[in-house]
Amino acid sequence: MEAFRITGGKPLHGKVRVSGTKNLISKLMVASTLSEGESTFTNAPFHLGETEITTDIIQSLGTTVRESEDGTMLVHTPKFTTSQVPERFALLNRIPILLIGPLLHRTGKADVPIPGGDKIGARPVNFHINALEKMGAHVELKSHFYHCTADNLKGALVKLPFPSVGATENIIIAASLARGTTIIENAAVEPEIIELVKYLQKMGAIISIDTNRRIVIEGVTSLHGAEHHIMPDRIEAASFACAAVASKGDVFIEDADQSAMLTFLNTMRRAGGDFDILDGGIRFYYKGKLHSTAIETDVHPGFMTDWQQPWVLMMTQAEGLSVVHETVYENRFGYVAELRKMGAHIELYNSCLGGSECRFTTLSNPHSAVIFGPSRLKGANINIPDLRAGFVYLIAAALADGESTITGIHHVERGYEHIEQKLRGLGVAIERVEI
């Protein structure tokens, strides 16, 4: 088993470049399969676990994915050679469910395994399936597969109970070639979704972003290949920002995009961390004292749920009592136990603290955290349970006194490209070991 061994205690200093965003590249790769033409993606994070998994999935269906001499990703699906996503991909990520639309449009049927992914909450796909059924798909669940058929998908009115990012993406992809107009009400409007819309528009789609979370897709008869630049990963940028400030360091994050991080930047400044918006990126640094905060995660443009974990770690170094209320996923604090083992003082509560009541208020899941700081962290042997927890553990180890051994590193490598080299470039004493 491979693991990271980290000796902590030093502030992070230097420069790091964020990769193209994990939450976009895989969706664009799927959307490209709507067309027989070749698509080109610049700033693609090739050496990312999520990209590699998505590549394997679509190549199993007949897609060709290759890297050009200048580092550009070329994706081409002249035809699907099968309509079934192999079961071996079921537990790796949630990409298979997004392929139902492209497979139905081009083969008339789709067999996809029930999706997996990080254990951060129920993450049901009923929003996806209900929408596809409204659009004319016949869906049966048997033997761990969704068996889907459709003569033609048609436009429909879809009202999402919650602005789910994955469901919104799935509907947009499927509706682009559907007959008639599809309207999504209460849609997610994250920057990554806007990028997906922009790419599909380049392919020939007609998609409007209206007010009040309303997206309108006018189906077209065909799409063609297109070129698109992958936006910088705002989750990775925020993660390194929290690491810099929590360690009392100073880090310039190349390609960090202010427009995609406005809420995070405001919250960082309120907490006492500072930053400078510069040409080519954002510099984050420790100013002298961190203040406790009360935040509530939310869909865009709120405080992103994937910013929550590094923020909690940073609050362990702040003066006073901080509160974090998680409203997007009901089981997002699974990483806290290991931080406690390292010396963090964090308590979890089932009630809605620090904000308004959320949809988890009647559940027994702990979805609020109270952090008492500052805490002196110490090295420990810890195992990574999911992607975002993984980065937090690496930074916690970099902050801690002594040595830490971290297993389950494949989780963090799924979402953070070249993470070992990037941390080493910021002065972290990290090495890959066999245990």
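Strands S3 and S5 pair in the antiparallel sense, with four bridges between them. In this predicted model, Glu38 faces a partner across that pairing: His76 in S5 stands opposite Glu38.

Let's widen the view to the sheet around this pair. Four strands make up an open sheet in the order S4-S5-S3-S13, and the pairing is mixed. Going from one strand to the next, the twist averages 20 degrees. Strands like these pair through backbone hydrogen bonds, either parallel or antiparallel. The table puts the pairings side by side.

| Strand pair | Direction | Bridges | Residues standing opposite |
|---|---|---|---|
| S4 and S5 | antiparallel | four | Arg66 and Leu74 |
| S3 and S5 | antiparallel | four | Glu38 and His76 |
| S3 and S13 | parallel | three | Phe41 and His228 |

Which strands stand at the edges? They are S4 (64-67) and S13 (227-229), and because each has a single partner strand, one side of each is left without a neighbour in the sheet. For S4, the pairing with S5 (residues 73-76) is antiparallel, and Arg66 stands opposite Leu74 there. At S13, the pairing with S3 is parallel, with Phe41 opposite His228.

Now for the helices. Helix H1 (residues 22-32) lies across S3 (38-42), S4, S5 and S13, and runs at about 165 degrees to S3. Helix H6 (residues 191-203) lies across S3 and S13, running at about 160 degrees to S13.

Technical notes: Residues are numbered from 1 along each chain as its sequence is written. This is a predicted model: local features need pLDDT of at least 70, side-chain atom pairs count only at pLDDT 80 or more; totals for chains, interfaces and linings use all residues. Side-chain values use heavy atoms; hydrogens and water are left out. Two strands pair if DSSP finds at least two bridges between them. Helices (H or I, at least four residues) and strands (E, at least two) are DSSP runs, numbered from the N terminus. Axes are lines fitted to C-alpha atoms, for helices over the stretch in contact, and angles run from 0 to 180 degrees between N-to-C directions. Contact means heavy atoms within 4.5 Å.
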